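Q: Please take a close look at a single part of this protein. Walk me through the nonpolar core, and add a word on any backbone oddity outside it.

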Amino acid sequence: LQPTWGPTRELQVERVGAVGTGFQVHKGASNGDPFRISNFIPGGGAHKAQQQGVLREGEWLHSVGDTPVHSLTVDMVHSLLAGEAGTAAKLVLSPANTAQQPSAK
């Protein structure tokens, strides 16, 4: 049984110079899990979003643009997040602490 995830939301994060979106991702415990967002880089778009209170460390990243990330590697996700400075990456997120183990029926 796979865990279920809470409600998702979209967020546009600006890519800024060499730091790009400006955060790291870490794979969830299971192969089909999304990635956790962590380690905001000062000056990056994610750091700005964090300061505005619209992005929090530990949130789950489900997709970048129209590409689901659950079955991708960290390097593949980094490639999706990379892009030209001044453009935005569309992220689909769910809050930290929203993974729920399904109940066996």
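A: First, a definition. Helices and strands are DSSP runs, of at least four residues for a helix and at least two for a strand, and they are numbered from the N terminus. With that in hand, take the layout. The model is predicted. It has two helices and six strands. Along the sequence they follow the pattern β-β-β-α-β-β-α-β.

Now the core. Buried residues make up 37% of the 105 residues in the protein. The largest nonpolar core holds 19 residues. Phe23, Leu55, Leu61, Val77 and Leu91 touch the most other members. Several elements give two or more residues to this core. Among the strands are S1 (9-14), S3 (35-38), S4 (60-64) and S6 (88-94). The helices are H1 (45-51) and H2 (74-81). The largest share, three residues, comes from S6.

Pick one member, Val77. Leave aside its neighbours within four places in sequence: Val77 is in contact with Val25, Phe35, Leu61, Val69 and Leu72. Contacts across the whole protein can be sorted by distance along the sequence too. Take those with a separation of 6 or more: residues 24 or more positions apart account for 70% of them.

Finally, the backbone oddity. Most residues other than glycine have a negative phi. Asparagine 39 is not a glycine, yet has a positive phi of about 50 degrees. Where does asparagine 39 lie? The answer is the loop between S3 and H1. Buried means under 20% relative accessible area and exposed means over 50%. Asparagine 39 has 38% relative accessibility, so it counts as partly exposed.

Notes: Residues numbered from 1 in each chain as written. Predicted model: local features only at pLDDT ≥ 70, side-chain atom pairs only at ≥ 80, totals over all residues. Heavy atoms only, no water. Buried < 20%, exposed > 50% of the residue type's maximum accessible area, 1.4 Å probe, protein only. Contact = heavy atoms within 4.5 Å. Core = buried A, V, L, I, M, F, W, Y, C linked by side-chain atoms within 4.5 Å.
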